[in-house]
Amino acid sequence: MSADGADAVEMRAALVRLRRGTGLPVAFGGLMTGGTVTGGTGSVRIGELSGAVTGALRGLAIATGNGLGGKALALSRPCAVTDYPVSRHISHEYDAAVAAEGLLSVLAVPVVVRRRVRGVLYGALRTAQPLGDRTLGEAVAAARDVEQALVIRDEARALLAAVGGAGASGSGAGGAAGSVTGASAGSAAWEEVREAHGALRALAPRVVDPALREELLAVCGRLASATAPPHVRDVGLAPREVDVLACVATGATNAATAERLGLRPETVKGYLRSAMRKLGAHTRLEAVVAARRAGLLP
């Protein structure tokens with residue numbers, strides 16, 4: 001799935017949550033494509049609609065500072081109006097589209113990732129009445145969902161790029177693109193790849209986009225098999241058991257592993273005990289070594 005496709009999935013999910021949580025009949029929004037709204041410039045194109053009866057809003061390019069959404073973008077905070085057509089607190093570049101959809105009370109919440117505005121969510125009524133704090137809170141929560149999804153995707157893309165860079169650097173991480181010798185596997189570059197492998201394994205379950213999640217896991221598989229012997233036995237570890245071992249292999253404690261994977265420390269211990277039993281290992285180190293020999297870890 002392309003970045004634009006992933007954006008659409010995240011935005012649609014947020015709009016459904018916004019309408020369900022607020023009871024507002026209309027929700028719409030969009031994200032930047034290939035950039036961010038910074039320095040008071042830029043625009044967000046409305047790409048997703050929920051509950052709309054016309055297509056008047058679709059494709060609108062919301063410029064920073066223009067209209068309600070543009071004000072939210074410029075201020076990096078939620079904004080709302082009770083009667084959009086006559087509000088004196090916003091400019092009116094988009095009145096025709098808003099009127100075509102019959103919207104009156106409207107709120108706009110910016111999507112902000114690491115202090116950079118990446119998009120905007122709207123919720124609206126076709127009657128002129130105040131939108132209370134609960135409604136605003138639910139809209140903000142929906143925007144936070146999108147922000148978290150973008151953070152995860154950004155981290156995933158950065159890790160994939162880091163793995164690719166390590167592979168291109170030569171000796172240590174050659175396994176990212178091909179075979180790895182025993183000597184190179186112990187290099188500093190290969191240790192970086194192992195760190196990236198653990199981070200990717202921890203990140204993958206949190207990725208909503210199925211195509212990106214499969215891409216991450218595929219890279220993990222390539223890295224893990226790079227140093228494996230030609231013939232390995234299938235030890236049948238569960239995905240979460242491999243996730244735990246990938247963290248342990250980087251030297252993480254049970255507590256640190258639990259925090260990274262979003263699990264309870266006791267759950268981590270349970271997965272580790274189960275993995276050790278399947279691998280015939282008596283210590284954490286033995287389990288990591290056995291998992292590497294089985295082609296489960298790089």
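What is the volume of the largest cavity in this structure? It comes to about 100 Å³, and the legends below start there, after a quick look at the whole chain. Keep in mind throughout that this is a predicted model.

**Figure 1. Overview of the predicted chain.**
The protein chain has eleven helices and seven strands. Of its 298 residues, 46% are buried. Take the contacts with a separation of 6 or more: 61% of them join residues 24 or more positions apart.

**Figure 2. A look inside the largest cavity.**
This is one of three cavities of 30 Å³ or more that the structure holds. The largest cavity has a volume of about 100 Å³. There are 13 residues in its lining, and those closest to the centre are Phe28, Tyr84, Tyr94, Val98 and Tyr122. Sorted by class, the lining has twelve nonpolar residues, one polar residue and no charged ones.

**Figure 3. The second largest cavity and its lining.**
Here the volume is about 50 Å³. Walking along the sequence, the lining residues are Glu10, Ala149, Ile152, Arg153, Arg206, Val207, Val208, Asp209 and Leu212. Helix α4, which spans residues 133-168, gives the most to this lining, with three residues. The class count for the second largest cavity is five nonpolar, no polar and four charged.

**Figure 4. Glu147 in helix α4.**
Staying with the helix from the previous view, this panel picks out Glu147, which also sits in α4. Is Glu147 buried or exposed? Its relative accessibility is 10%, so Glu147 counts as buried. Setting aside residues up to four places away in sequence, Glu147 touches a run of neighbours made up of Pro110, Val111, Val112 and Val113.

**Figure 5. Ala74 in helix α2.**
Ala74 belongs to helix α2, residues 67-75. With a relative accessibility of 45%, Ala74 counts as partly exposed. Once neighbours within four places in sequence are left aside, Ala74 is in contact with Thr64 and Gly65. Pro110, which turned up as a partner of Glu147 in the last view, is worth finding here too. Ala74 and Pro110 are 36 residues apart along the chain, and their C-alpha atoms are separated by 9.1 Å.

**Figure 6. His197 and its surroundings.**
Helix α6 covers residues 188-203 and includes His197. The relative accessibility of His197 is just 1%, so this residue counts as buried. Which residues does His197 touch, not counting those up to four places away in sequence? The list runs Cys220, Leu223, Ala224, Ala246, Leu296, Leu297 and Pro298.

**Figure 7. Helix α9 against helix α10.**
Helix α9 takes in residues 254-261 and helix α10 residues 265-279; the two pack at an angle of about 105°, with their axes 8 Å apart. That makes α9 and α10 roughly perpendicular to each other. On the α9 side, Asn254, Thr257 and Ala258 meet Pro265, Val268, Lys269 and Leu272 of α10. By class, the contact between these helices divides into four nonpolar residues, two polar and one charged.

**Figure 8. Helix α8 against helix α10.**
Now look at α10 with another partner, helix α8 (residues 239-249): the axes of α8 and α10 come within 9 Å and cross at roughly 95°. How do α8 and α10 lie relative to each other? They are roughly perpendicular. From α8, the residues in the contact are Arg240, Glu241, Val244, Leu245 and Val248. Across from them, α10 brings Val268, Tyr271, Leu272, Ser274, Ala275, Lys278 and Leu279. The class split for the contact of α8 with α10 is eight nonpolar, one polar and three charged. Val268 and Leu272 may look familiar: α10 also uses them to meet α9.

**Figure 9. Ser274 in helix α10.**
The last close-up stays on helix α10, where Ser274 has its place. Ser274 is among the α10 residues that meet α8. Its relative accessible area is 12%, so Ser274 is buried. Leu237 is 37 residues away from Ser274 in sequence, while in space the two are 8.5 Å apart, C-alpha to C-alpha.

Technical notes
Residues are numbered from 1 along each chain as its sequence is written. This is a predicted model: local features need pLDDT of at least 70, side-chain atom pairs count only at pLDDT 80 or more; totals for chains, interfaces and linings use all residues. Side-chain values use heavy atoms; hydrogens and water are left out. On a 1 Å grid over the protein atoms alone, a cavity is a set of points where a 1.4 Å probe fits but cannot get out, and a pocket is an open set with protein on both sides within 12 Å along at least five of seven lines; lining residues have an atom within 4 Å of a point. Grid points are joined across faces, edges and corners, and a volume is the space filled by probe spheres set on the points. Ala, Val, Leu, Ile, Met, Phe, Trp, Tyr, Cys and Pro count as nonpolar, Asp, Glu, Lys and Arg as charged, and the others, Gly among them, as polar. Helices (H or I, at least four residues) and strands (E, at least two) are DSSP runs, numbered from the N terminus. Buried means under 20% relative accessible area, exposed over 50%, partly exposed in between (1.4 Å probe, protein chains only). Contact means heavy atoms within 4.5 Å. Axes are lines fitted to C-alpha atoms, for helices over the stretch in contact, and angles run from 0 to 180 degrees between N-to-C directions. Angles under 35 degrees count as roughly parallel, over 145 as roughly antiparallel, 65 to 115 as roughly perpendicular and the rest as oblique.
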